[in-house]
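Trainee: I have the sequence and the model open, but I do not know where to begin. Please pick a single part, go through it closely, and then show me what else can be read from the model in the same way.

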Amino acid sequence: MNSTPALLNRILLTVLGLILLGAGVLLVLLATLPPAASWWHSWSAGAWNGINRLFDSTRFPGRPESWLWIVAALALLALMGLMVAWIAQQGKGRSNLLATEYDPGDTPGDVRIGGGVAEQALRQALEGRPDLAGATVTTYDVKGSPALKVRLLPRQGVAPHLLAAEVAGLLDALETVVGKEVPVLVHIGAGARTRFGHAERVR
């Protein structure tokens, strides 16, 4: 329900994992195979000499410094900016607003109900139930409209359809109090604590 770039995250994790795997394999080969160590020494020496020649050929006129250091610093700044932008995209979609309505009464203005109201009310209603190993309630902004996600972890042997029906009753009561119909995703999941199949139900 949120706008976290899941595909991009998977691609980045795959690339990072392949890089780390390649580095690990290389280290194992260097530690166990003498031919690989000899190749590494010859290759690294040639690469280092090439880098030194490149920096020597790009010095500022009359100065020992190379302008490649400026390029490297700008590249690092760009990488930092991309990392900050990527981090900022994680978990987007969360909302603190459940409902808003204009009240034209004696004192006209907007009436806003925070998402924390629904989250706390539902969590309190679900807390302490013997048929649940855990429950979380989160408010999201889906295409400009607020929506709720209720994630339930039932204990082994609990019928999911009965649990979904009971939660639907709580959600109906919440909508009566709020005075507005709110889209809800009820996710009945499994975990190490439940060993139970999962189902999802959208109201």
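Mentor: What follows starts with the whole chain, goes on to the largest pocket, and ends with a few individual residues. Keep in mind that this is a predicted model.

The protein has five helices and six strands. Read from the N terminus, their order is α-α-α-β-β-α-β-β-α-β-β. Of its 203 residues, 23% are buried. If you take the contacts between residues at least 6 apart in sequence, 50% of them join residues at least 24 apart.

Now the part I have picked, the largest pocket. Rolling a probe the size of a water molecule over the atoms shows where empty space is left. The largest pocket holds about 220 Å³ of space. Its lining is made up of Leu 8, Asn 9, Leu 12, Leu 13, Leu 16, Leu 79, Leu 82, Met 83 and Trp 86. Which elements supply at least two residues each to this lining? They are α1, which covers residues 6-32, and α3. The biggest share comes from α1, with five residues. By type, the lining has eight nonpolar residues, one polar residue and no charged ones. Asn falls outside the lists of nonpolar and charged residue types, so it counts as polar.

Asn 9 also gives a way from the pocket to the loop that follows α3. Gln 90 is in the loop between α3 and β1, the latter being residues 97-103. Along the sequence Gln 90 and Asn 9 are 81 residues apart, yet their C-alpha atoms are 9.3 Å apart in space. Gln 90 is partly exposed, because its relative accessibility of 29% is neither under 20% nor over 50%.

Helix α3 takes part in an aromatic pair as well. A pair of aromatic rings is described by the distance of the centres and the angle of the planes. There are four aromatic pairs in the structure. In one of them, Phe 55 and Trp 69 have ring centres 5.0 Å apart, and with 45° between the planes the pair is tilted. The term follows because stacked needs an angle under 30 degrees and edge-to-face one over 60. Phe 55 belongs to α2 (residues 34-56) and Trp 69 to α3 (residues 68-89), so the pair ties together parts 14 residues apart in sequence. Phe 55 is partly exposed at 23% relative accessible area, while Trp 69 is exposed at 56%. Elsewhere, Trp 39, Trp 40 and Trp 43 form a cluster linked by ring pairs.

Next comes α4, which spans residues 115-126. Is Glu 119, a residue of this helix, buried or exposed? Its relative accessible area is 11%, so Glu 119 is buried, the limit being 20%. The side chain of Glu 119 has a polar contact of 2.9 Å with the side chain of Thr 139. Apart from neighbours within four places in sequence, Glu 119 touches Val 137, Thr 138 and Thr 139. Gly 116 is in α4 too, and is partly exposed at 31% relative accessible area. The C-alpha atoms of Gly 116 and Thr 139 are 7.9 Å apart, although the two residues are separated by 23 residues along the chain.

The loop after α4 leads to β3, which covers 132-142, and Asp 131 is found in this loop. Asp 131 has a relative accessibility of 18%, so this residue counts as buried. The side chain of Asp 131 makes a polar contact with that of Arg 129, at 2.8 Å. Which residues does Asp 131 contact, leaving aside its neighbours within four places in sequence? They are Pro 154, Arg 155, Val 158 and Leu 163.

Methods
Residues numbered from 1 in each chain as written. Predicted model: local features only at pLDDT ≥ 70, side-chain atom pairs only at ≥ 80, totals over all residues. Heavy atoms only, no water. Phe/Tyr/Trp six-rings, centres within 6.5 Å; stacked < 30°, edge-to-face > 60°. Helix = DSSP H or I, 4+ residues; strand = E, 2+ residues; numbered from the N terminus. Buried < 20%, exposed > 50% of the residue type's maximum accessible area, 1.4 Å probe, protein only. 1 Å grid on protein atoms, 1.4 Å probe; cavity = no way out; pocket = protein on both sides within 12 Å on 5 of 7 lines; lining within 4 Å. Points joined across faces, edges and corners; volume = space filled by probe spheres on them. Polar contact = N/O pair within 3.5 Å; in protein donor to acceptor, adjacent residues only side chain to side chain. Contact = heavy atoms within 4.5 Å.
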